[in-house]
Amino acid sequence: MSQNESPAEKIKKASNGLRGTLKQSLGDEHTGAIREDDQTLVKFHGMYMQDDRDRREERAAKKLERLYSFMIRLRLPGGFLTAEQYEEMHNIAGEHSTGIIKITTRQTVQLHGILKSHIKPTISAFNKIKLDSIAACGDVNRNVLATAHPKSSPIHEEVFGYADKISSLLLPKTRAYYEVWLDEEKLDEVNEEDPLYQDRYLPRKFKIAITIPPYNDVDVFANDVGLIAIIENNVLTGFNVAAGGGLGTTHGNADTYPRLATVLGYVPKEDVQKVVYEIATTQRDFGNRSDRKLSRLKYTIDRMGIDNFKKEVEQRSKVVFAPAKKAVITTRSDDYGWQKNHEGKWYYTVFVECGRILDSDVVKMKTAFFEIAQSRKATFRFTANQNIIISDIDDKDKKSVEDILKKHGVIEQTEKASNVRKQSMACVALNTCPLALAEGQRYMPQLITKIETLLDTHKLTGENIIIRMTGCPNGCARPYMGEIGFVGTAYGRYNMHLGANAEGTRLNKLYKENLNEEEILAELDGLFKMFAQQRKKKEAFGDFVMREAIFSESGLMI
Amino acid sequence: MLAEVKLKAFRELVKDATKDELIWMNGFISALAGDIAIAPAPETNGKVNTVSALSGCTIVYGTETGNSKKVAIDFSNRLKKQGVQSKVKSLDQYKVTDLAKESCLLVVISTQGDGEPPAAAKKFYDYILQNELSLNSLKYGVLALGDTSYPLFCQAGEDVDSRLNKLGAERLIELKKCDTDFEEDAQAWINELIGKALAFSTSGTNGVVETKAKPARTGKKIYDGIISSTLNLNDSGSAKETYHIEISSEDEIVYEPGDSIGLVAENNVAAVAKVLELLAIDNNEILQHKEQSYTAVELFGKKINIQHMPERVVQQYARLVNKEIPSIKMDLADLLRIYPPDNGTTPQQVVNILETIAPRLYSISSSAAAHGQGEVHITVCRSSFNIDGQTRYGLCSDYLARLEEGQKVQFYVQKNNSFRLPTPETDVIMIGPGTGVAPFRSFLFEREAQGAEGRNWLFFGDQHFVSDFLYQTELQTFMETGVLTKLNTAFSRDQKHKVYVQHRMQQQANELFSWIENGANIYICGAKDPMSADVEDALLNIIATQKDINKTDAKGYLNNMKEAGRYHKDVY
Ligand code: SRM
Ligand SMILES: Cc1cc2nc3c(=O)[nH]c(=O)nc-3n(C[C@H](O)[C@H](O)[C@H](O)COP(=O)(O)OP(=O)(O)OC[C@H]3O[C@@H](n4cnc5c(N)ncnc54)[C@H](O)[C@@H]3O)c2cc1C
Ligand SMILES: Cc1cc2nc3c(=O)[nH]c(=O)nc-3n(C[C@H](O)[C@H](O)[C@H](O)COP(=O)(O)O)c2cc1C
Ligand code: SF4
C-alpha cells in the first residue's frame, strides 16, 4: 500500500538507518533547532524537539528564535532503576535539563529543556550507567510496561525479565544511535540488516504492556499488545494475549476512536515472544502508511477483521492461540505507603503528583530520593500511574530510608493527599508539548482541589474516583479510561467524559463538550449530588453514571 | 580670456623667468585662486631654489577613520603640481629611526579617545614624546584633525607639534587645528605652506608667525531625532542589556554603512540635583560655559560632564580649592562632598574648570538602502559596573537604554571612510562579537539591497546562545535568502571552557584562508581589548599555518591586505 505514502515514510526510507543529517544538524551554529527531516528521525533515538510555548511572542519581539530544546525519554523496560542509576540520572537532570524528573504514564522518565549542545553530553552520561533512549519514541516498539506492584513480586522478577527480552527483541538494529550521539566509528562489517523493521520501520508507534492480575496498573488494554500474566499455583505458565488497544483520537475526525485491546487467546510463555514479534510484522505489512491518523494497529485490526488478523499472526508465528484463561483484574491503582513482599523486603510507594519529581518549599521530594539513592539502601521503580516505588529495602535499612522520607516531608504529603488526588493523572501538555490545546499537569492540581471541596459538600470525602486529564485528544494520560476524563479542546476548555470502570476494562463516554472550569464544576456538583443520593452500596462513580441513564443515544446528554 | 593689458603684463612677467620662478608663480597664483591666507610674496632675486624646503619631504598621517589619510594624499598631489616630489606614509608604516635622516616632515594627525593619538600613530607618538632626540636638521609642519565637541580638541596634533619643536626641529608653518569640517582649512594650510616654503627657501628665514590657530567653527550637521522604537535584545536571564534603538528624523540622514552616529548624553537627573545642592545654587541660576550662558539645570543636565571626571579636572579642582586630592577619576558629586569648596570659591569658578560632555559613538546598524534615509538604527550595550556593592552605569549607554519611544535625541553622523564595503562582487568576512555585529547588520542589509553577488561570512559571539544571540532571526533570514553564506557563532559561557570567535576562526582556518586568497575583505568590529587583538592574532596564525610561513611574514601579508584596503578594523 505504498500509494501516496505519508512524508514520514519517505523520510524513514531516505534516512540511511535513522542517521539522516543529524550530525550536520548538531553542527548548525546559527540555530538551536535541528533540520526538518531530522526532527522526525530524532524521535527514533528517544528525543523530541520542542520549544517553550510560553516564550514565543516575547522572544520573537527580541529577534530571537523560539526557545528550542529537546525532551529525552529513557527506554526503561519495567521502569526499574538501581540506586547508582538513579543518583546519576538526578545529576544529569540537574546539569543538562530543567532539573525536573518527569515520571511518565509508561513507567519511564523524561527530561525536558535539553539544549542542542547538551544532547550528546546527556546521552553519553546515560550511556555510562547503561541507560539509553533508543526507540523510546518513533514508529517502533516503545517502552515495555510491567506491573510494578510489590505484592506481585513472587513472579515479578520473571515477568520483568519478559519485558526486558521483548524490548530487546524489538529493538532496531541500526548503530545510528551510537554513531550520532556517542561518536562510535561507523563499522562496515556490522550487519545492520533489520528483518523486523527493514528500512520502513512500523507504520506508527507500537506499545506493549504486561500485567499481573489482579493488578492492572499498566492499563494493559490501552496497548497495541497487552499481555496478561497467567499464574497457576504460583507459577507463570503463559499469557493471555490482547491486541489492538490505543487511545489517540483527533477532534473532528470521526474515523479516529479510542479502542481497548481484544483478547486473542492464551499462549504458553515460551511462545509469547514469537507471537508478539509476528503481531509486529503483521502490523508492519498491513498497517496504513498513507494516513498516520489511521495507522495504529487498532485500525489495522478493525480493517482486517479480528479473525483474519488472528489467523495471520498464527500462520506467521506457527503458534495457535488457545482459549483465553481466566484472569481476574480488580484494580489499577498503586498501593501507597509501606508494603512488604514475600521475601520480607520493604517497598514505599510515593504519590508523585502528575509524576513531577521536584523540590517544593514544603516537600523536598527530589532531595529525598537523591539521598536515598546515595545511601544505596533501595532501588527505584516507576509506575504507570506516574508514581515511584522505593523498592527492595532490607528490614535493617527501613528506618533510615523512612527518616529521609520523613525529613523531607514526603511521607506526610503521600498520607495527606486525598484519594481522588492520588487516583488522578494529567499529561504534560503546556508549556512543552507542541500538540497541547489546553493545560494538563500545570492545571490539574488546582482543579482537583476544587473537586475535593465539591466531594466534601456532598459527603463524598475519601471517595476513590479515577480522574484523568489531557491537553488534547491524543490521550497520553489515558483520559478515556478515567471514571471522569477531561480532554482539552482549547485553552481553558475541556470535553468531559464519564464512566470508565476501576479495573480499566471499559472506556468512558463523551458527556459534555467544551466546558470551562465553572461549567465543569457545575456539572460535577450535579453529578455528585445524584451519586451521593442514588448510588448503590459501594458502587463506583464510573459504574453509577453508566447505570443511570444520563447519556443520550449519541452519547451526549440531552 | 585675460584682458589685453593684463595679458601683456603677464607675458612680460613670465618671459624669461627661470623654471623655478615659474613653479613658484604657479603655486602663488593657485594659492591666490584658493581665496585663502595668501603666502607673503617672496623677494624674487632670480636664482632661488624654491623647491629645497619641501622637496623630498615625507607626508605622514595618523588616522582612525580615514580623514587624515585623505588629506595627506591631497597634499602630495598638490605638491606634485608644484613639481615637488613627496612620499606619503601611514604612521604605523613609518620607521621612527628615519626621523634623524628626514629633512622635511609634514604630519597630518587626528585625535582619538580622550585626547589620544590614533592607534596607528601610537608608536610614533610615544617614540618622539619619550625620547630625547635632537632633530635640529628637521623642518616640519603639523595639521591636526579633531572635533571641537571633545574636551581635548586636537590634543594629539598639539602634542606632536610642540614636541617636535622642543626637540629642535624647525617649524615651517604653525599648527593648524581643524574641526570636523576640515577640508577648507586643510586646503588653506597646504597653500599657505607652499607659499611660506618658497618664501622660506628664498629668504632663508623662518617665515612662521606664532599665531594661535583661530577657533574652528564646527560645521557638523546636527540631526533632531525621535526614538521610534527601542527594545532590549537580550532575553531574560542574560547578564547583559543590549538595546536595538531606531531613531527617525524629519530631514534625510546622510550616511553610509560603516558610519557611526555621535551623541551627547544627558546627565542623570538625581546626580544633577545632588551637584546643585552641594554647590548651593538653584536650578535657574545663570552660569557661563564656553562663552555662553545657561541655567544651572541646563548646564549640569546637558552640557558638562559630572560623572567619572578625568584626573586632570580633579587636579584643577584640587588647585582651585587648594586641597590634597588623589589623582583619580571622580564624580563631581563625590568631589564636592568629600572636598567641599570654601565659601571663597564661586560656583562659576568650579564650572570654569569642568569639561563638556564628550560625545559617544554608536555604529549604525541600519542601511539607508534598506531602511530609507529617514531613520538610523543603533545597537547599544548598557555598560554596567559595580562600585562598592552597587550597580552603576556608563553615562551614554545608560541614557540611551532609558530613552523611551517618542523622546527626542540630537545626533550627528561620524563618517568612517576606512570601514567601507568593497565592490559588490568581492567576498566579505565579518568578525563582530557583541555589539560589534552592529555595522555588519548594516552591511548585510546593504549588500542585499545592492543584490551584491559577493559572498558574506559572519563570525558572531557573546555569552549565551539562548539569551545573547543578537539579531538571531534576522541573521537566520539572511542565511535562508542566501545573503549570508556562512554564519559561525561562539558562545563563551555555554560550556566549561570558554569559546570565542577566534576559536571558531581557527576551526574554519582552511576555508577562511581560501576566502582570503580569493580576494575577500576582512572586517573586525567590537571591543578593542582583548577581542580585536586576539582575533588579529588568530588571523596571523591562520595565514602563517595555511601559507606555511613564519609570523613576521604573516604580519607582512596582513599589512599588504591593509594597504590594499582589504583589512579593516573599527574597534573601541
Ligand atoms: C509523557 C507522556 C504523558 C505523561 O504525562 O506521562 C506523553 C507525552 C507525549 N505524547 Fe503521548 N505521552 C505519554 C503516553 C501516551 C499514552 C498512554 C499510554 O501509552 O499508555 C498514549 C495513549 C495510548 C496510545 O498510544 O494510543 C499516548 C498517545 C499519544 C499520541 C496519540 C497516538 C495515536 O495513536 O493517536 C501522540 C501523538 C502522536 O503520536 O502523533 C502522543 C505524543 C506525545 C508527545 C511526544 C507530543 C509529540 O508527539 O510531540 C508528548 C510529549 C509531551 C512532553 O512535552 O513531554 N502521545 N501517549 C507519556 C509518555 C509515555 C512514555 O514514557 O512513552
Ligand atoms: C567608533 C565607535 C563605535 C562604537 N559603537 C558602539 C556600538 O555600536 N554599540 C555600543 O554599545 N557601543 C559602541 N561604542 C562604545 C560607545 O561609544 C561607548 O564608549 C560606550 O557605550 C560606553 O559609553 P558610556 O558613556 O555608556 O560609558 P562611560 O560613562 O563612558 O564609561 C565607560 C567606562 O568607564 C568606567 N566608568 C564610567 N563611570 C564610572 C564611575 N562613575 N565610576 C567608575 N568607573 C566608571 C566604566 O568602566 C565604564 O564602563 C563605540 C565606540 C566607538 C569609538
Ligand atoms: C572615538 C573618537 C574619539 C575622538 N576624540 C577626540 C578628541 O578627544 N579630541 C578631538 O579633537 N577629536 C576627537 N575625535 C574626532 C576625530 O579626531 C575627528 O573625527 C577626525 O576627523 C578623525 O580623523 P581620522 O579619520 O583621520 O581619524 C574623536 C573621534 C572618535 C571616533
Ligand atoms: S495528550 Fe496531547 S497535550 Fe497531552 S502530552 Fe499528549 S500530546 Fe501533549
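Me: What makes β1, β2 and β5 of chain A part of the surroundings of ligand 1?

Reply: In this predicted model, each of the strands β1 (47-51), β2 (68-73) and β5 (109-114) of chain A supplies at least two residues of the shell around ligand 1. A residue counts as near the ligand if one of its heavy atoms lies within 4 Å of it. The shell holds 30 residues, and T104(A), K207(A), T432(A), C476(A) and R478(A) are the closest.

Me: How do you know which kinds of residue make up the shell around ligand 1?

Reply: They are sorted by residue type: ten are nonpolar, twelve polar and eight charged.

Me: What makes the approach of K207(A) to ligand 1 a polar contact?

Reply: The cut-off for a pair of N or O atoms is 3.5 Å. A polar side-chain atom of K207(A) lies 2.7 Å from an oxygen atom of ligand 1, so the pair is within the cut-off. R296(A) also has a polar side-chain atom 2.7 Å from a ligand oxygen. For R204(A), a side-chain N or O atom is 3.0 Å from an oxygen of ligand 1.

Me: Why is β1(A) called largely enclosed?

Reply: Buried means under 20% relative accessible area. Five of the five residues of β1(A) are buried, so the rest of the structure largely encloses this strand. M47(A), M49(A) and D51(A) point one way, Y48(A) and Q50(A) the other, and all are buried. In a regular strand, side chains alternate between the two faces of the sheet.

Me: How do you know that β1(A) and β2(A) pair?

Reply: Pairing needs at least two bridges. Five bridges join β1(A) to β2(A), and the strands run antiparallel. In one of these bridges, D51(A) has Y68(A) as its partner in β2(A).

Notes: Residues numbered from 1 in each chain as written. Chains lettered and ligands numbered in written order. Predicted model: local features only at pLDDT ≥ 70, side-chain atom pairs only at ≥ 80, totals over all residues. Heavy atoms only, no water. Polar contact = N/O pair within 3.5 Å; in protein donor to acceptor, adjacent residues only side chain to side chain. Helix = DSSP H or I, 4+ residues; strand = E, 2+ residues; numbered from the N terminus. Nonpolar A, V, L, I, M, F, W, Y, C, P; charged D, E, K, R; others polar. Buried < 20%, exposed > 50% of the residue type's maximum accessible area, 1.4 Å probe, protein only.
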